[in-house]
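Trainee: Got a minute to go through this one with me? I'd like to start with the charged pairs and then move inward.

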Amino acid sequence: MPHNLMLSGRPGVGKTTVIRKVAQSLGEQAGGFFTEEVRERGKRIGFRIVTLDGQWGWLAHVRLPGRYRVGRYNVNLDDLETMGVAAIRRALGLRKIILIDEIGPMELFSPAFKHIVMEALDSTLPLVATVMAKFDPWVYALKARADTEVWEVTLANRDAMPERVLAWVHARLPDGLT
């Protein structure tokens, strides 16, 4: 039975909302992070990375210096790695359900992120991640793994998706996982 679930779908369809609702329902049983967009005077200026234990940092911002860019955003690998990668590592160490939002173009600049994602996928812990729909060879390989299911989030199913994901997770809880 696959123990990794990837939620895919077009940008803005509600994948992050699904992850946030799942995280809220699971409470301390889950570890990892989600992303959120940040707006200033109605315009999106960046994205925050928020760990499930309450830390946050900048994933990307229009005014941050940076070597890596996606669109008009400079990607902040320091916060991704000190917040996001560390949150996944903590979840693995504490044997929690792992939630990752998201495996996308900004995150893929980080070798440390890719490494911890592989470690999490290879663990026996249930993992739920949002992934970009646009083709990327590395992400495609993740979606094609035998231990991974891929569900598409759409406008038609997004409201029911959190309960469906929670049922999937609960069916895969290993012994000893609270």
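Mentor: We can take salt bridges, then the nonpolar cores, one glycine and the pockets. Keep in mind that this is a predicted model.

Trainee: Fine. How many salt bridges are there in the whole structure?

Mentor: The search finds 10.

Trainee: What is the N to O distance for R145 and D122?

Mentor: The side chains of R145 and D122 form a salt bridge at 2.8 Å, N to O. The two residues are 23 apart and link distant parts of the chain. R145 sits in the loop between helix 4 (137–143) and strand 9 (148–152), while D122 belongs to helix 3 (residues 111–122).

Trainee: Is R145 buried or exposed?

Mentor: R145 is buried, because its relative accessible area is 18% and the cut-off for buried is under 20%. D122 counts as exposed, at 53% relative accessibility.

Trainee: Which residues are joined into a network by shared partners?

Mentor: R20, E36 and R48 are joined into one network by salt bridges that share partners.

Trainee: And what does E37 pair with?

Mentor: E37 has a salt bridge with R39, with 2.7 Å between the closest N and O atoms. E37 is partly exposed at 36% relative accessible area, and R39 is partly exposed at 49%. There is also a salt bridge between E40 and R41, where the closest N and O atoms are 3.8 Å apart. In that pair E40 is partly exposed at 29%, whereas R41 is exposed at 77%.

Trainee: Moving inward. Which residues of the largest nonpolar core touch the most other members?

Mentor: They are I88, I98, I100, I103 and F113, out of 32 residues in that core. Elements giving two or more residues to the core include strand 3 (43–51), strand 4 (56–61), helix 2 (77–93) and strand 7 (97–103). Helix 2 gives the largest share, seven residues.

Trainee: What is I88 in contact with, leaving aside its neighbours within four places in sequence?

Mentor: I88 is in contact with F33, I98, I100, F113, I116 and A120. Apart from the largest core lies another of 21 residues, among them A30, V128, M161 and W168.

Trainee: Why would residues like that cluster in general?

Mentor: In soluble globular proteins, nonpolar side chains tend to be buried together.

Trainee: Different topic. Where is G57 found?

Mentor: G57 is in strand 4 and counts as buried, at 4% relative accessibility. Beyond neighbours within four places in sequence, G57 is in contact with F47, R48, I49, D79 and M83. The C-alpha atoms of G57 and D78 are 9.0 Å apart, with their positions 21 residues apart along the chain.

Trainee: Last thing, pockets. What volume does the largest pocket have?

Mentor: About 750 Å³. The largest pocket has 26 lining residues, and P11, G12, R44, F47 and E102 are the ones nearest its centre. Helix 1 (15–26), strand 2 (30–40), strand 3 and strand 7 each supply at least two residues of that lining. By class, the lining has 10 nonpolar, seven polar and nine charged residues.

Trainee: And the second largest pocket, what volume?

Mentor: About 180 Å³. The second largest pocket is lined by 14 residues, with A30, G31, L52, D53 and K96 the closest to its centre. Strand 2 and helix 2 are the elements that give two or more residues to this lining. The lining of the second largest pocket divides into six nonpolar, four polar and four charged residues.

Methods:
Residues numbered from 1 in each chain as written. Predicted model: local features only at pLDDT ≥ 70, side-chain atom pairs only at ≥ 80, totals over all residues. Heavy atoms only, no water. Salt bridge = Lys/Arg side-chain N within 4 Å of Asp/Glu carboxyl O. Buried < 20%, exposed > 50% of the residue type's maximum accessible area, 1.4 Å probe, protein only. Helix = DSSP H or I, 4+ residues; strand = E, 2+ residues; numbered from the N terminus. Core = buried A, V, L, I, M, F, W, Y, C linked by side-chain atoms within 4.5 Å. Contact = heavy atoms within 4.5 Å. 1 Å grid on protein atoms, 1.4 Å probe; cavity = no way out; pocket = protein on both sides within 12 Å on 5 of 7 lines; lining within 4 Å. Points joined across faces, edges and corners; volume = space filled by probe spheres on them. Nonpolar A, V, L, I, M, F, W, Y, C, P; charged D, E, K, R; others polar.
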